[in-house]
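Q: Could you take a close look at one part of this model for me, the place where two of its helices pack against each other, and then show how that part sits among the rest of the chain?

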Amino acid sequence: YYLDNLWHKYQKPTDNFKLFHRVVWKHGGFVRNIKIQEIMRQKDITQLLKLLSELDEFKNIKRYSPVKGRKLAENDAEHTWRTLMWFLLLEPFLEKKVDSEKILKMILIHDLPETYTGDEIAFSKNHIHFKKEYKGAKKIFKKFPKQIAQKYFNLWKEFEDNKTKEAKIARAIDKLQPLLQHIELKWNGWKWTKKGVEIVEKDKRRHMEFDSSLLSVYEHLIS
């Protein structure tokens, strides 16, 4: 017995209604086979487009990493894209199986609070900068659709806490990515200084030591 028309009385174009696909009667009881779908209202669409427009400012957040072939430094959007590509290409070599989708999402959002705070050079970050980023994260993720706002704030916090294997991998690759840009400059005559290597070692090596492949890539980059 099918109650396929259960939802019809709720179907009004402007309502934020629930859509019930079907409830099936089987073996003397109800088998729930229900898909619930939030229907977007005009208000939802307006808010979503406003947020997407605001997030476009991410492309204007300048970082401190140079880019080969131009005078302008890298921006946050470029850094995020390149870090995503790093993970896609490194994943087959990682020692442990990981939640790939989670890491990709984590990388995608990890710098979004900088839309409000700007970027800070990694070697000089401290608790004051983290407090600013925390406020920025609260602000930006509060503007996400309510169904996912807390989820993505929690994902950002997981990255910052750096305790899960997914967070550690995302953090390690985030720190590896800028090194290649310095190597690309090295090909054009740039060289590591002893002081530069010491600063990099202090900030980055400890984030690679849990995985032999990441550590190998890191040692190759600073050699």
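A: Happy to; what follows starts with an overview, turns to the helix pair, and then visits the core and some loops.

First, the setting. This is a predicted model, and its chain of 223 residues has 37% of them buried. The secondary structure amounts to nine helices and two strands. In sequence order the pattern reads β-β-α-α-α-α-α-α-α-α-α, so the strands precede the helices. Of the contacts with a separation of 6 or more, 55% are between residues 24 or more positions apart.

Now to the helix pair itself. Two packed helices are described by the angle between their axes and the distance between the axes. Here the partners are helix 3, residues 100-109, and helix 6, residues 149-161. Their axes are 9 Å apart, and the packing angle is about 90 degrees. Helix 3 is therefore roughly perpendicular to helix 6, since angles of 65 to 115 degrees are put in that class. On the helix 3 side, the contact is made by Lys-102, Lys-105, Met-106 and Ile-109. Facing them from helix 6 are Lys-151, Tyr-152, Leu-155, Trp-156, Glu-158 and Phe-159. By type, these residues divide into six nonpolar and four charged, with no polar ones.

One residue outside the pair helps to connect this contact to its surroundings: Phe-141. Beyond its neighbours within four places in sequence, Phe-141 is in contact with Ile-109, Leu-112, Ala-149, Tyr-152, Phe-153 and Trp-156. Among those partners, Ile-109 belongs to the helix 3 side of the pair, while Tyr-152 and Trp-156 belong to the helix 6 side.

Phe-141 also leads into the nonpolar core. In soluble globular proteins, nonpolar side chains tend to be buried together. The largest nonpolar core of this model has 39 residues. Phe-141 is among those with the most contacts inside this core, along with Phe-87, Leu-112, Phe-144, Leu-176, Leu-214 and Tyr-218. Helix 3 and helix 6 are both among the elements that give two or more residues to the core. The others are helix 1 (42-55), helix 2, helix 5 (127-142), helix 7 (165-186) and helix 9 (212-222). Helix 7 gives the most, with eight residues.

Next come the loops at either side of helix 3. Before it, in the loop between helix 2 (76-90) and helix 3, lies Glu-91. Glu-91 is partly exposed, because its relative accessibility is 27%. Not counting residues up to four places away in sequence, Glu-91 touches Val-98 and Ser-100, and Ser-100 falls within the range of helix 3. The C-alpha atoms of Glu-91 and Ile-169 are 9.5 Å apart, with their positions 78 residues apart in sequence.

After helix 3, in the loop between it and helix 4 (114-117), is Asp-111. Asp-111 counts as buried because its relative accessibility is 6%, under the 20% cut-off. Its side chain makes a polar contact of 3.0 Å with the side chain of His-110. Leaving aside neighbours within four places in sequence, Asp-111 is in contact with Phe-58, Arg-63, Asp-76 and His-79.

Two of those partners, Arg-63 and His-79, lead to Glu-74, which touches both of them. Glu-74 lies in the loop between helix 1 and helix 2 and is buried, with a relative accessible area of 2%. The further contacts of Glu-74 include Ile-61, Lys-62, Gln-177 and Gln-181. With Gln-177, the contact is a polar one between side chains, at 3.0 Å. Asn-75 lies in the loop between helix 1 and helix 2 too, and is buried at 9% relative accessibility. The side chain of Asn-75 reaches the backbone nitrogen of Ala-77 at 3.0 Å. Arg-63 is also one of the residues in contact with Asn-75, as are Lys-59, Ile-61, Lys-62 and Arg-70.

Finally, we can return to helix 6 and look just past its end. In the loop between helix 6 and helix 7 is Asn-162. Most residues other than glycine have a negative phi, and most peptide bonds are trans. Asn-162, although not a glycine, has a positive phi of about 55 degrees. Further along, in helix 7, is Leu-185, which is partly exposed with a relative accessible area of 21%. Its C-alpha atom is separated by 6.2 Å from that of Lys-68, 117 residues apart along the chain.

Terms used: Residues numbered from 1 in each chain as written. Predicted model: local features only at pLDDT ≥ 70, side-chain atom pairs only at ≥ 80, totals over all residues. Heavy atoms only, no water. Axes fitted to C-alpha atoms, helices over the stretch in contact; angles between N-to-C directions. Helix = DSSP H or I, 4+ residues; strand = E, 2+ residues; numbered from the N terminus. Parallel < 35°, antiparallel > 145°, perpendicular 65-115°, else oblique. Contact = heavy atoms within 4.5 Å. Nonpolar A, V, L, I, M, F, W, Y, C, P; charged D, E, K, R; others polar. Buried < 20%, exposed > 50% of the residue type's maximum accessible area, 1.4 Å probe, protein only. Polar contact = N/O pair within 3.5 Å; in protein donor to acceptor, adjacent residues only side chain to side chain. Core = buried A, V, L, I, M, F, W, Y, C linked by side-chain atoms within 4.5 Å.
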